[in-house]
Each structure stands twice: as C-alpha cells, then as structure tokens.
Amino acid sequence: MKLYTTDYAPNPRRVRWVMAEKGITDIELVQVDIMKLEQRTHPVIAKAGSPHLPVLELDDGGVIAESVAIGRYLESLYPEPNLFGHDAREIADIEMWTRRLEQRLATPLMLGTRMKAAPLVILEDPNPAVGDYMFENAAAYCIGLDVHLADREFITAGRLTIADIACVCAFDFARIARFRPDKSLENVARWLGALRERAKALEI
Ligand SMILES: N[C@@H](CCC(=O)N[C@@H](CS)C(=O)NCC(=O)O)C(=O)O
C-alpha cells in the first residue's frame, strides 16, 4: 500500500500518527506537494474523487480517502493498539466524540487557518472575517472541552483514540494562524501538552 501525504497538513498527519501508534512500517509514504497544487492533477488522487490528501492506495489499485476512514481501515488490518473501540459501546462513544469534535472544533480550526494564514493563499482566497468567526467558535467550544477534560487524560475510553488524534492535529495546524486555546483552560493545556509530547516522541 501507499499513502499519499504531505508533511505539514493536518489530515495526512492524522493517518501518519495512527500508523506510528500501530507500528505500521510497510506502507510507502508518497509526498505530494500541496503548495505546488500537485494534488489537483495527480492521477491516483483523482481516483478518490476529491483533490485532497490523504489518499491510501491499496495493492489492487483501489483508493480510500478521508483521514478517519483510512485510520479505520488500518485498524481492521492492524488491530492493536486499539484506536477506534473494542466493543459496541466504545465504538459508538469514540465515533460520537470524533464526529462532534470534527464538526465543532477541528473543522473550524482548519478552515479558520486556511482563511487567515498568509502562506495558504495558494489554496484558499483569504477571508480573515470568516477566519475570525471560525476561531471564535473553536475558542468557545474549548471552554466545554476544558470541563470535559477536568478528570480525564484523553477525550474518551481512558486511552488515546482517533478522537484525540483528529483534534490535536487541528490544534497544531492552527498555530500557523496563531490560534491558542485561552490560557485559563488548564485541562485543555495539559491534554494538548501531553499529546504533543507523545507525537514528538513518535516523530510525527
Ligand atoms: N475530510 C478530509 C479533508 C482532506 C483535506 O482537506 N486535506 C487537505 C490537507 S490537510 C488538502 O488536501 N488540501 C488541498 C487543497 O485544499 O487543495 C480528511 O479528513 O481527510
């Protein structure tokens, strides 16, 4: 298999993080330069029906897109450590948190960054007002997240899951547009700090 990826983008990084946690080393990483818009003309990416990364190319030539879908596929091939849930209740809980955080936090952070960060002008017409709106929504959501994390090390299931990975990659990306959760949100800061250390140790 081959993973079409790019170094600084948050969605491909989610998949590389899943691979690192699971110790997956037999998937070839193929770099696509999104700042040169290579994703828009790449024949393998075109097969996925959307000019975005990441894309996983299977050995039979089929493709899977969407970072969380790719992660789920990898989990079925490499079950441990488990990132998507062991049983019905856990699977539902992790799905609930992943969808909720994607919609309320990760997407606003990533879109807001695209609207505000000067280097990304090649991908998106800048619109700082929309960017500000996205960041205000993300900042408001962080207040509730801080309460949720008060007695938790991870978002759910008592261990790292795809919900944490999806979110932290968005927070890291948003740093290029200077988004920081409010300093008063100590639980978010502790959770982010610990997961950033974990990602650093895994070199992703
Ligand atoms: N929902 C998709 C989002 C994919 C996406 O937007 N990828 C970005 C990189 S993080 C991309 O390829 N952007 C290229 C472009 O906008 O032209 C996922 O989770 O994989």
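**View 1. R114 and the bound ligand in a predicted model.** In the side chain of R114, an N or O atom lies 2.9 Å from an oxygen atom of the ligand, a polar contact in the sense of a pair of N or O atoms within 3.5 Å (within protein, one must be able to donate a hydrogen and the other to accept it, and residues adjacent in sequence count only if both atoms are side-chain atoms). Taken alone the ligand exposes 520 Å², and the protein buries 85% of that, where accessible areas come from the Shrake-Rupley method with a 1.4 Å probe. Because this is a predicted model, local features need pLDDT of at least 70 and side-chain atom pairs count only at pLDDT 80 or more, while totals for chains, interfaces and linings use all residues. Residues are numbered from 1 along each chain as its sequence is written, and side-chain values use heavy atoms, with hydrogens and water left out.

**View 2. The residues around the ligand.** The ligand has 14 residues around it, of which Q39, L53, E66, S67 and R114 come nearest; a residue counts as near if one of its heavy atoms lies within 4 Å. A polar side-chain atom of Q39 is 2.8 Å from an oxygen atom of the ligand, and an N or O atom in the side chain of E66 is 2.7 Å from a nitrogen atom of the ligand. Helix α1, residues 10-22, gives the most to this shell, with four residues (helices are DSSP runs of H or I with at least four residues, strands are runs of E with at least two, and both are numbered from the N terminus).

**View 3. The largest pocket, where the ligand sits.** The ligand sits in the largest pocket, meaning that more than half of its atoms lie within 2 Å of the grid points. On a 1 Å grid over the protein atoms alone, a pocket is an open set of points with protein on both sides within 12 Å along at least five of seven lines, the probe being 1.4 Å, and lining residues have an atom within 4 Å of a point. The largest pocket is lined by 39 residues, and N11, P12, H52, L53 and M110 lie nearest its centre. Helix α4 gives the most to this lining, with nine residues.

**View 4. Two cis peptide bonds and a positive phi.** The peptide bond from L53 to P54 is cis, with omega near 5°, and P54 has its place in the loop between α2 (43-47) and β3 (55-57). The peptide bond from E80 to P81 is also cis, with omega near -10°, and P81 lies in the loop between α3 and α4. L37, although not a glycine, has a positive phi of about 60°.
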